[in-house]
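The exchange below asks how certain descriptive terms come to be applied to a structure. Each reply sets a computed value against the criterion that governs the term.

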Amino acid sequence: MTAHDRPRPLLDEATAIVATVGGVTLERARAVLRAMSAHTHIKEQHVAELVVEWAVTGRLPAELRGELRAQLDGGRAGPGQAQPAAP
């Protein structure tokens, strides 16, 4: 795998992590990653890297942790969506 091939699988993996933690759809999880990037001014690819690392180490920078929590809290408008696990 080349460096050029890595971004999409990494974004997909981060999306799946956010979907699982937040109890949201993959579409909503992808929107959460985009919003986290926009609101923290961190490139989306780097946000994805940090989220994947978080799944392994349990460590996520405080700024991203707060933004993830805010995005997931704001994204639970519909009935039947699960409460997110504590990020």
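Q: What does contact mean here, and which residues is L11 in contact with once its neighbours within four places in sequence are left aside?
A: Contact means heavy atoms within 4.5 Å. In this predicted model, L11, leaving aside its neighbours within four places in sequence, is in contact with R30, L33, E44, Q45 and A48. L11 itself is found in helix α1, and its C-alpha lies 8.3 Å from that of R30, with the two residues 19 apart in sequence.

Q: Why does L11 count as buried or exposed?
A: The relative accessibility of L11 is 11%, and buried means under 20% relative accessible area, so L11 counts as buried.

Q: How do you know what kind of secondary structure the chain is built from?
A: The chain has 4 helices and 0 strands, and read along the sequence it follows the pattern α-α-α-α.

Q: What makes α1 roughly perpendicular to α2?
A: Helix α1, residues 7-22, and helix α2, residues 26-40, pack at an angle of about 110 degrees, their axes being 8 Å apart. Since angles of 65 to 115 degrees count as roughly perpendicular, α1 is therefore roughly perpendicular to α2. By class, the contact of α1 with α2 has 9 nonpolar, 1 polar and 1 charged residues. On the α1 side L11, A14, T15, A16, V18 and A19 take part, and they meet L26, A29, R30, V32 and L33 in α2.

Q: Why is α2 called roughly perpendicular to α3?
A: The angle at which α2 packs against helix α3, residues 44-57, is about 115 degrees, with the axes 9 Å apart. The range that counts as roughly perpendicular is 65 to 115 degrees, so α2 is described as roughly perpendicular to α3. The crossing in which α2 passes α3 is right-handed. In this pairing R30, L33, R34, M36 and S37 of α2 meet E44, V47 and V51 of α3, and the residues of the contact divide into 4 nonpolar, 1 polar and 3 charged.

Q: Why are α1 and α3 called oblique to each other?
A: The axes of α1 and α3 come within 9 Å and cross at roughly 55 degrees. Angles under 35 degrees count as roughly parallel and those of 65 to 115 degrees as roughly perpendicular, and α1 and α3 are therefore oblique to each other. The crossing in which α1 passes α3 is left-handed. From α1 the contact draws on P7, L10, L11, E13, A14, I17, V18 and V21, and from α3 on E44, Q45, A48, E49, V51, V52, W54 and A55. By class, the residues of the contact of α1 with α3 divide into 12 nonpolar, 1 polar and 3 charged.

Q: How do you know whether H41 is buried or exposed, and what is its phi?
A: H41 has a relative accessible area of 73%, and since exposed means over 50%, H41 is exposed. This residue lies in the loop between α2 and α3. Its phi is near 60 degrees, a positive value in a residue other than glycine. Most residues other than glycine have a negative phi.

Q: Why does Q71 count as buried or exposed, and which residues does Q71 touch, not counting those up to four places away in sequence?
A: At 14% relative accessibility, Q71 falls under the 20% limit for a buried residue, so Q71 counts as buried. Q71 is found in helix α4, residues 62-74, and touches R28, V32, A35, M36 and H39, not counting residues up to four places away in sequence. Q71 and L33 are 38 residues apart in sequence, yet their C-alpha atoms are 8.9 Å apart in space.

Q: What makes D73 count as partly exposed?
A: Partly exposed lies between buried, under 20%, and exposed, over 50%, so D73, at 43% relative accessibility, counts as partly exposed. D73 lies in helix α4, with a C-alpha to C-alpha distance of 8.8 Å to G22, a residue 51 away in sequence.

Q: How many residues does the chain have, and what share of them count as buried?
A: Of the 87 residues of the chain, 38% count as buried. The accessible surface of the chain comes to about 5,100 Å², and 56% of that belongs to carbon and sulfur atoms.

How values were computed:
Residues numbered from 1 in each chain as written. Predicted model: local features only at pLDDT ≥ 70, side-chain atom pairs only at ≥ 80, totals over all residues. Heavy atoms only, no water. Axes fitted to C-alpha atoms, helices over the stretch in contact; angles between N-to-C directions. Helix = DSSP H or I, 4+ residues; strand = E, 2+ residues; numbered from the N terminus. Parallel < 35°, antiparallel > 145°, perpendicular 65-115°, else oblique. Nonpolar A, V, L, I, M, F, W, Y, C, P; charged D, E, K, R; others polar. Left-handed = near helix turned anticlockwise from the far one by under 90°. Buried < 20%, exposed > 50% of the residue type's maximum accessible area, 1.4 Å probe, protein only. Areas by Shrake-Rupley, 256 points an atom, 1.4 Å probe, with all protein chains shown as cover.
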